[in-house]
Amino acid sequence: MKKITLFLMLCFSVSSMSQKILDTVVVTASRKGIRKLTTTSNTSVVSSKELLKAACCNLAESFETNPSIDVNFSDAISGTKQIKMLGLTSPYILITEENIPSIRGASQAYGMSFTPGTWVESIQITKGAGSVVNGYESISGQINTELIKPIKDIPFFLNVYGASDSRTEINTHFNQKLSNQWSTSLFLHGNSRWFKYDMNHDGYLDNPLAKQVNLTSRWQYVNPQTGWVSFINIKWLNDAKQAGQVDFNPERDKFSTSYWGSEIKTNRIDVTSKVGYVFKDMPYQSIGFQNAFSNHDQESYFGLRQYNIVQQSFYSNLIFNSIISNTNHKFATGVTFSSDRYLENFNQEDLGRRDTDIGAYFEYTFDNQEKWSFVLGGRVDSHNRLGFFATPRLHVRYKPWEKGTFRFSAGRGKRAANIYAENQNLFGSSRQFSVLDASGKIYGLNPEIAWNYGLSFTQSFRLFNKPADVTLDVYRTDFQNQVVVDIMQSPQEVLFYNLKGSSYANSVQFDFNYEIRTRLQLRTAYKYYDVRTSYLSGNFQRPLQAKQRFFVNVEYDTPLTKKGKQWKFDFTYNWLGSQQLPNTASNPVNDRLSENSPAFSVINAQITKRFSKSFEFYLGGENIGNYRQNQAILGANNPFGSTFDTSIVYGPIFGKMYYAGLRYKLK
């Protein structure tokens, strides 16, 4: 099994030192739910153990107990959670699945809810510029998800979940070892929300009615004798949501002004493959070939506003890994090709286009195994809309003393902003959408370009003879150009235009982790954000971004008995400071908000009872303090009037939510 572990690591490493160690962590389980790595990049690894500590139903909900990622609701009707890193929203984060770009373009708004939490083996979170091997789009960081491997999976797994907001969910995993080389897994997921809830009595559903069916077939081939390994994944998803007024009936009221409602229907197919070969007698040298095809088809409407998008994507990456002289000097080089065909229609306007890119990269890694290591990478790309450009990236690690680690990173990112797909949270409003520039090649706009710089220090030590560690992260993102989404000019408009002044995001995070006693863990974090952009009406803090956040997580596990019995307790406290709110000054008094939101706290907790090695039951609650945002929807009494807006959401809407579930494993 150790040979297979090394074999998989070498075949599918991302080639930088940090990424290779990430793959090692995926194969080797850790005791802690979240591990901070002292490798070249600033990376933490979230294990499947951590994902079981909360109501983790999908990838978007997997970060509730993680201080590196901020989770907020994107609007008051879709129930969709949006993640942020270093003060920037998910489009600025490169999101990959097994190191293949996954959530991008048409899937930005809802794609995080398309990966069930029980499928996930681990999540690697890297702050700052990522590896050039994975592309040029990463600006604030990278999130890579590793799914459970067929070669490691158990024959059968069942998870059943139910919540007080009427959400029910079932997950089943089937695994079969077909031969010494072949293994296969079948993942089945279904969730639904059947009942209508309006806890704040504004006449609108607090959470949408929903139904999702999600299937994945995974095939893995491993042959250590010949040096070949491969993965094949086939996914199919159907997701449907209905939101809006409680009395809305789509069969009767669709596209009418009787009641306001919305439906979002998505069908998606993904096919991915990986083939790798490790050269005999040269375990440090390997070649890998990644390919991915996806078809994302979304049909939706928001009141009288229609939005349909189909994205057909193909991605290919050829990677070669080897050494220079000895294993202290490693390199990765390769070529990538991507093609995206968009069939996009917004309010009967045809916005279709095709994007193609071909790129080449080289990444050098030096590691003397003691004090210094660095990863220096660069790539060049030729894109039909972004042009010909270069992407440099640098990661440096220095260990001046025992258990102390400094890290520095710098890098450039470039991306095309999909202004409609990425801002669907604004569709549930009466705002008029306008693009003010016309000379660019992407909706008339220019590509977004930003530099990210970061410095991090981690020190591990013993406090009262128990392990502890502190981390200080300081990052800055400077935009050379940004597609500004302006909701500060007027509450009746959304304006898109190229950055005219400055835009930056400063982020400071301090973590303190401590094992108070055996099996009793404390995790704390304080975050400060200074995120400002020049708008037409002035320079403001980025709307709906808390300037300060405080996080506490406490977990305790009782000793595991010989029969596999155990209790697990988890408690999470989140405090969010004041947030800049969009401009509503010209609205009537009843639909006018203050300039800033109030600070508030959210408490989550969960208890798990493990009855045996095969069966466990869990019970928990979210937002136990029952905090709810006042007036989540502006103009609620007149949804077709000029002040209607469901997008100004800074806190919870539903209030407290309790859930229960069970897990069964057949080993």
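Let's start with a small pairing. β18 meets strand β19, residues 349-350, in the antiparallel sense, over 2 bridges. Keep in mind that this is a predicted model. In that pair, Phe346 sits opposite Glu349 of β19. The two strands make a hairpin, with 2 residues between them. Look at Asn347 in the turn: its phi is positive, about 50°.

Now the other partners of β18. Strand β17 covers residues 305-324, and β18 covers residues 326-346. They run antiparallel and share 18 bridges. One position to find on screen: Ile309 stands opposite Glu344 in β18. What lies between these strands in their hairpin? Just 1 residue. Ser325 in this hairpin takes a positive phi, near 75°.

Next, strand β20, residues 353-367. How many bridges join β18 to β20? The count is 14, and the pairing is antiparallel. Here Lys330 of β18 faces Thr365 in β20 as its opposite residue.

A word on what holds such strands together. Strands of a sheet pair through backbone hydrogen bonds, parallel or antiparallel.

Let's move to another part of the chain. Here 3 strands form an open sheet, ordered β3-β4-β5, with antiparallel pairing. Which strands are at the edges? They are β3, 70-73, and β5, 88-89, and each pairs on one side only. Strand β4 spans residues 81-85, and 4 bridges tie it to β3, again in the antiparallel sense. To locate that pairing, go to Phe73: its bridge partner in β4 is Lys81.

That's the tour. Thanks.

Terms used: Residues numbered from 1 in each chain as written. Predicted model: local features only at pLDDT ≥ 70, side-chain atom pairs only at ≥ 80, totals over all residues. Heavy atoms only, no water. Pairing = 2+ DSSP bridges. Helix = DSSP H or I, 4+ residues; strand = E, 2+ residues; numbered from the N terminus.
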